[in-house]
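Colleague: I am new to this structure and would like a close look at one part of it, the second chain. Please take me through that chain and then place it beside its partner.

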Amino acid sequence: MATTAAPTGGARNGAGPEWGGFEENIQGGGSAVIDMENMDDTSGSSFEDMGELHQRLREEEVDADADADAAAAEEEDGEFLGMKGFKGQLSRQVADQMWQAGKRQASRAFSLYANIDILRPYFDVEPAQVRSRLLESMIPIKMVNFPQKIAGELYGPLMLVFTLVAILLHGMKTSDTIIREGTLMGTAIGTCFGYWLGVSSFIYFLAYLCNAQITMLQMLALLGYGLFGHCIVLFITYNIHLHALFYLFWLLVGGLSTMRMVAVLVSRTVGPTQRLLLCGTLAALHMLFLLYLHFAYHKVVEGILDTLEGPNIPPIQRVPRDIPAMLPAARLPTTILNATAKAIAVTLQSH
Amino acid sequence: MAEAEESPGDPGTASPRPLMRDLKAVGKKFMHVLYPRKSNTLLRDWDLWGPLILCVTLALMLQRDPADSEKDGGPHFAEVFVIVWFGAVTITLNSKLLGGNISFFQSLCVLGYCILPLTVAMLICRLVLLAGPGPVNFMVRLFVVIVMFAWSIVASTAFLADSQPPNRRALAVYPVFLFYFVISWMILTFTPQ
């Protein structure tokens, strides 16, 4: 916008006439302001062009009319003592000035708050970087004497949260979750974003109390990448419904990503009590969240599986987590396949 | 349309002529989506009529019977609307932040128009569901939705990929994939009561 370009333009005025055209180019190049007033040249809708042309023609007419009116009014003023004409002119000028001032203020406020360039540096990543960060989020590093580096980007965490929302939706549909007040989509988005933003803020607050060296952005990035483990576990266990498998993955994969976050925080905190408080809280919240996500949408499937298995399995074996333990080893693979097949059958039947 | 084209600002004419022009433009863009080639038509002359029509059609078809509040897990009209438009806005912001040189409304236009294959899938699913539930029924619907999902992604990538820096195309395409996945999932799991 012209207001942001003005100071730089003023500073460059002394550089000579060859830089004169620079001010006009600043607005178009490199700025990502959602500039709804002046569309950039890349968008050339015919409807919009017509609308703009029309507007401009009308404005020119109004200006011409206003000029003609002003000229006529001045002539009249000259003729009479001109009280009426003078007042009309004054009120018109005042209205015009108010309109200009209001428009200027509104456009300044708009360019300040709608400027998404503020977020641009946090999305400056390459696919290879995202891939390596995803893999690193599962590898805890033992070096805790030196503050470990945290990449301050928001693309990876944001995409992981959206992926978790999609996986959660899949899980909710498969388990036929009934949400009475609200919607599935709203619940999924609320849960995932609420966890990411809420727990990040809480841990950041604790970090502030414990004098840990971590910024809010870094905390958001750290927790966001920590959700990669959750995505993997939930993706697998929403499709293969076996409690033993889930507990194994919960400990292994969930544990690994938690250890990674804990190691990073320990490397940035001084003092055993502070480390214990901060890392204990984060570990507890992270692991419990995975547990919650799995079991909140799993109960209904369990109930249906039990009903389907029916008379084939004696009542004592109805508790699903005991099934693999009580069966002979030879029947284990078939049980797993059966469980998966039954889950698919449930889905088919419900459709 | 035997008469010559009037100026669009002519207030004296009846409205059918500019309406036909707009409808023809929308129809032309539908054809571009169904047969995606690398062309600039969607980007050059963007409009939001097509996305609006498609979104309303999809939301109407996905709506559950309001008297049926027991199994309330399905989307309501407003939910589908919100998902489509906020999803499109999020993807647009993401692609702009990644360094794309596409304008806000152009991106909305492309994403909205590329919902067309999924709307067709929804129509087919509703027709197939009239035959009654069953595993064969489900397989047919699954196949149709998967094909249309792939078609949507290919179509939107054909239009959007050129606007991104070449090394970041995957980063820009992934949220598009998620967006159409969510819509496909809503279509696939729709059951009329």
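Modeller: In this predicted model, chain B has 8 helices and 0 strands. Its pattern along the sequence is accordingly written α-α-α-α-α-α-α-α. The chain has 193 residues, and 51% of them count as buried. Its accessible surface is about 9100 Å², with carbon and sulfur atoms holding 70% of that area. Of the contacts in chain B between residues at least 6 apart in sequence, 73% link residues at least 24 apart.

The UniProt record, an unreviewed entry, can be set beside these helices. Under "transmembrane region" it lists residues 46-64, 76-98, 110-132, 138-160 and 172-191 of chain B. Two of these spans can be compared with the model. Residues 110-132 of chain B are 78% helix and 0% strand, and the C-alpha atoms at the two ends are 35 Å apart. Residues 172-191 of chain B are 85% helix and 0% strand, with 32 Å between the end C-alpha atoms.

The next topic is the interior. The largest nonpolar core contains 115 residues, and B:Y180 and B:I183 have the most contacts inside it. The element that gives the most to this core is helix α8 of chain B, residues 169-188, which supplies 12 residues. The neighbours of B:I183 show which parts of the sequence meet there. Setting aside residues up to four places away in sequence, B:I183 touches B:L58, B:V84, B:I115 and B:L118.

One of those neighbours, B:V84, leads to a helix pair. Helix α4 of chain B, residues 77-97, packs against α8(B) with the axes 9 Å apart and at an angle of about 170°. Angles over 145 degrees count as roughly antiparallel, so α4(B) is roughly antiparallel to α8(B). On the α4(B) side the contact is made by B:I83, B:V84, B:G87, B:A88, B:I91 and B:N94. On the α8(B) side it is made by B:L171, B:A172, B:P175, B:V176, B:F179, B:V182, B:I183 and B:M186. B:I183 thus appears both in this contact and among the residues with the most contacts inside the core.

Helix α4 of chain B also contains B:L97. Is B:L97 buried or exposed? Its relative accessibility is 6%, so B:L97 counts as buried, the limit for that class being under 20%. B:L97 and B:A172 are separated by 75 residues in sequence, while their C-alpha atoms are 9.8 Å apart in space. Beyond its neighbours within four places in sequence, B:L97 is in contact with A:I116, A:L119, A:R120 and A:F123. These contacts lead from chain B to chain A.

Chain A has 13 helices and 0 strands. It has 351 residues, of which 38% count as buried. About 20200 Å² of chain A is exposed, and carbon and sulfur atoms supply 65% of this area. Among its contacts with a separation of 6 or more, 75% are between residues 24 or more positions apart.

For chain A the same kind of record is available. The unreviewed UniProt entry lists residues 154-172, 184-207, 219-238, 244-264 and 276-297 of chain A as "transmembrane region". Residues 219-238 of chain A are 95% helix and 0% strand, and their end C-alpha atoms are 28 Å apart. Residues 276-297 of chain A are likewise 95% helix and 0% strand, with the end C-alpha atoms 32 Å apart.

Three residues give some local detail in chain A. A:S257 is in helix α9 of chain A, residues 243-267, and is buried, with a relative accessible area of 0%. Apart from neighbours within four places in sequence, A:S257 is in contact with A:S137, A:M138, A:G226, A:G229 and A:H286. A:L197 lies in helix α7 of chain A and is partly exposed, at a relative accessible area of 40%. A:L197 and A:L220 are 23 residues apart in sequence, and their C-alpha atoms are 7.2 Å apart in space. A:N211 is in the loop between α7 (184-209) and α8 (216-237) of chain A. A:N211 is exposed, with a relative accessible area of 66%. Its phi is near 60°, a positive value in a residue other than glycine.

Conventions
Residues are numbered from 1 along each chain as its sequence is written. Chains are lettered from A and ligands numbered from 1 in the order in which they are written. This is a predicted model: local features need pLDDT of at least 70, side-chain atom pairs count only at pLDDT 80 or more; totals for chains, interfaces and linings use all residues. Side-chain values use heavy atoms; hydrogens and water are left out. UniProt positions are given in the numbering used here, feature names are shortened, and annotations may be inferred rather than shown by experiment. Helices (H or I, at least four residues) and strands (E, at least two) are DSSP runs, numbered from the N terminus. A nonpolar core is a set of buried Ala, Val, Leu, Ile, Met, Phe, Trp, Tyr and Cys residues joined through side-chain atoms within 4.5 Å. Buried means under 20% relative accessible area, exposed over 50%, partly exposed in between (1.4 Å probe, protein chains only). Contact means heavy atoms within 4.5 Å. Accessible areas come from the Shrake-Rupley method with a 1.4 Å probe; for residues, only the protein chains shown count as cover. Axes are lines fitted to C-alpha atoms, for helices over the stretch in contact, and angles run from 0 to 180 degrees between N-to-C directions. Angles under 35 degrees count as roughly parallel, over 145 as roughly antiparallel, 65 to 115 as roughly perpendicular and the rest as oblique.
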